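Subject: Handing over the two-chain structure

Dear colleague,

Please find below the structure I promised to pass on, with my notes following it.

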There are 2 protein chains.
Amino acid sequence: MPQVVPVILCGGAGTRLWPESRDHFPKPFLSIDGKQSIFRATLDRLTPVGAAADSRPIVITNEALRFLVLEELDRAGLEGDILLEPVRRDTGAAIAAATSFALSRHGDCVIALFPSDHHIGKPAAFMDAVGEAAAAAEQGYIVTLGIKPREPSTAYGYIRPGPRLNQTSDVLRAEQFVEKPDRATAERYIAEGYLWNGGMFVGRAETLKDELQARQPAIMAAVAASVRDAKTDGAFVRLDPTAFAASPQISFDRGIMEATERAAVLPVDLDWSDIGAWDAVWNTSQRDQDGNATRGRVVTADTFNSVLRAERALVTVIGMDNVIVVETGDAVLVAPMTRAQDVRELVERLRADKRPEAAALPRMLRPWGHYEGKDAGERYQVKRITVKPGGRLSLQKHYHRSEHWVVVRGTAQVTINDKVQIVHENQSTYIPIGAVHRLENPGLIPLELIEVQVGSYLEEDDIIRISDDYGR
Amino acid sequence: MPQVVPVILCGGAGTRLWPESRDHFPKPFLSIDGKQSIFRATLDRLTPVGAAADSRPIVITNEALRFLVLEELDRAGLEGDILLEPVRRDTGAAIAAATSFALSRHGDCVIALFPSDHHIGKPAAFMDAVGEAAAAAEQGYIVTLGIKPREPSTAYGYIRPGPRLNQTSDVLRAEQFVEKPDRATAERYIAEGYLWNGGMFVGRAETLKDELQARQPAIMAAVAASVRDAKTDGAFVRLDPTAFAASPQISFDRGIMEATERAAVLPVDLDWSDIGAWDAVWNTSQRDQDGNATRGRVVTADTFNSVLRAERALVTVIGMDNVIVVETGDAVLVAPMTRAQDVRELVERLRADKRPEAAALPRMLRPWGHYEGKDAGERYQVKRITVKPGGRLSLQKHYHRSEHWVVVRGTAQVTINDKVQIVHENQSTYIPIGAVHRLENPGLIPLELIEVQVGSYLEEDDIIRISDDYGR
């Protein structure tokens, strides 16, 4: 196999998986099985690809998701390059950025591009397919993995396959890339042997660059400049905002694959799903003897073929068939499985009503750890704060609140104005209004503390940062 | 109207209204409309009855519910006598106790007995009915309010009415009291003009005593002794446990009404419901234009004729008809309306599995106020404690935990060993393991504090009470 650099596209989304998926915690970071995130499964699946060539993954994401991505890489024990798009310019620009960055970092290589939020039930077949596609990519083709359709879905684009590239390869010419069809057209496509387009592409970096320059010169020029002028900050590569924003907004499928002469497709059977909505979660999950895909504390009676997920509460269901019940502490969704797609519209209503449950989960992830609101009243709120070993919050102050900290696990180092103190489990400290303070975990186990904030204004924007390890 | 003493039977129950109804917070204390409890509505409905005769209500309940009852009386601005049954001996013994107590406190009077957990939509008609029943009671009858059936229900006992007692009264002879019938029998009963038995009785105390002595001498002897030897503790009257336990266990309907010659029935149309299950809640609730009875933060799409109740979370429902969705923070119930009765069986399973959600709500009511768990970890937990003005917790100590208290509203008086201190809003204090301590609210507004407990054992039974205002 030639040197293959895995590229993971992580743009967020996943509205139809609300309430588990939120703007600030989108689909790639959900865990379907309760064990690992979809993103992590993607990484694990791709690691052998990269390991064979001693390369490191490139992730394309944005500012809002950067610490989530970094944490997934850390947990997987991987180092990678995390490209941050300053604005959204669709997959054309994203893939151009990966191409441009890969060329500058690795020289010519094969890059294998994958969404971060898909399920693949047959990882060995996937590995084989990537190897076969990489071989064809070496020959100058841009190879799409073309998924053998299970049904005449109207949710995916389709690819019309042509003849084999050569006698020794299973890779076919890709004759046509078509948009999401209506039902009748989808049925015709299936009858005619079309394949689903799952957004997975393998190509040589030089090939991709050539095709981008030829077919989408404005994208390539803008994005190449944004990579050249990028600012590197640890693992983060911040693409130049002005240059990147100048790129046209067009998908890679439409901008390149529909135009190029080098399009190829490898038919694959990977037990693939884009996990688009709760019915897809049911499809890809292990199910119990009643056909229920459950997670968390769920008790059922006469309930079958349902998705039942409890995060905080005890979820009980009597006498239902084919339903979705998802509980996340701050929200509950109940719907028939047949209405799984309509969750999007519901969430759009919640957004329009500015309901906080549309945007964020109760647990807020931060580069130093996470916090979660536990109680709130008129002039106070209570949070549990968890700081990773070595984690350090910004040096900060508040104009409108004082804070009581009770350490309940681990050891805190607390700076208040000029004084630095160690606060142990079962000890507390007090931060007066206006005091410059900092919390850090100097220890080897996570630090947990209960923070009671008291004041007349308790929002997150009353944090005056004086200095921050994480460039915020 | 003669002197009428209202008697309220409050024995708990309401399993089918789980998860809002719990063993420690049963049906009478639920609020269907979010404004007042069913118990309070019962009190308000009966207040004119008692007020007319300048009497005070008698409530028959048990130890576990006594502070809930006392609080309802307090909130209604009423004084009453709260008889506490040491064990359950069915309505025969309960009504014997009320009769015996009323005679000793008020002398002969008319007593009007009502369950504490029923809905009556026509309070004026109810008042008229009680007046008419009381007039017949003066003549020596025991008058049941007989509800005109809406349907051939199998959930209630029935009463066969006879001729009028006399030409000027609408009260009829009650010819027969029958148990809950099967469907076919219920249909026949309705065709023959039977009435529902809603457990509401009006009779002179002397009449009741005579009939109890004649028909159930063992009950009357045991219960009269338990009243004679009762211990009074403020509003609470603790019936003597040994004497009371000697009473046979039989319902008033079966033990007296089926046997007595003085049984009468007044047909009434009161828009009555025993609010037995969630479908009855739907029936008695105000509904929106989609036919949904909602409470709390509920968002629906294409959802109709459902009971949708949110206590803590945002509850969202898409495309459902005739369903029950009830959320209480720690639990969620989802079921079709047609399975409303089956909630009982579900809760029995939860009880058998010793799930805490079967027994208690997150908010625990205490005579001094209430507390609620807000967070818990391996060696700590966080509670919000609310103390009423003038409320005072027991003088106590713990062997296995220390406590950090942060006052977030009001003012606390805190005793730690020999030291008494005032702790204001935004101040904190610390209770070391083993320290004898007490918390009280000396102020005029509720005291709220956040308690962080740290230790290796954090259960409620590690409270060593040295002294307590509430006789616990």
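A salt bridge here is a side-chain nitrogen of Lys or Arg within 4 Å of a carboxyl oxygen of Asp or Glu, and by that rule a search of the whole structure gives 81 of them over all chains. Please keep in mind that this is a predicted model, in which local features need pLDDT of at least 70 and side-chain atom pairs count only at pLDDT 80 or more, whereas totals for chains, interfaces and linings use all residues. Residues are numbered from 1 along each chain as its sequence is written, chains are lettered from A and ligands numbered from 1 in the order in which they are written, and side-chain values use heavy atoms, with hydrogens and water left out.

The interface

Chain A and chain B each bring 53 residues to their contact, where contact means heavy atoms within 4.5 Å. Between them they bury about 4400 Å², of which 58% is on carbon and sulfur atoms; buried area is the accessible area (1.4 Å probe) that two parts lose on being put together, summed over both. The rule finds 10 salt bridges across this interface, and A:R379 and B:E425 are joined by a salt bridge between their side chains, at 3.0 Å from N to O. There are also 32 residue pairs in polar contact between the two chains, with both residues at pLDDT 80 or more; a polar contact is a pair of N or O atoms within 3.5 Å, where within protein one must be able to donate a hydrogen and the other to accept it, and residues adjacent in sequence count only if both atoms are side-chain atoms. On the side of chain B that touches chain A, strand β19 (residues 331–336) of chain B gives the most, with 6 residues. Helices (H or I, at least four residues) and strands (E, at least two) are DSSP runs, numbered from the N terminus.

A sheet with strands from both chains

An open sheet of 6 strands has the order β14(A)-β16(A)-β18(A)-β19(A)-β17(B)-β15(B), with mixed pairing; two strands pair if DSSP finds at least two bridges between them. Its edge strands, each pairing on one side only, are β14 (293–295) of chain A and β15 (298–301) of chain B. Strand β19 (residues 331–336) of chain A pairs with strand β17 (residues 314–318) of chain B in the parallel sense over 4 bridges, and A:L333 has B:T316 as its bridge partner in β17(B). Strands β15(B) and β17(B) also run parallel and are joined by 4 bridges, with B:V315 in β17(B) as the bridge partner of B:V298.

Local features

Within helix α6 (residues 205–215) of chain A, A:E206 and A:K209 lie 3 residues apart, about one turn of the helix, and their side chains meet in a salt bridge at 3.5 Å, N to O. The peptide bond from A:W18 to A:P19 is cis, with omega near 10°, and A:P19 is found in the loop between β1 (4–9) and α1 (38–52) of chain A. In chain B, the peptide bond from B:W18 to B:P19 is cis with omega near 5°, and B:P19 is placed in the loop between β1 and α1 of that chain. Finally, B:D271, in the loop between β12 (263–268) and β13 (272–273) of chain B, has a positive phi of about 50° although it is not a glycine.

With best regards
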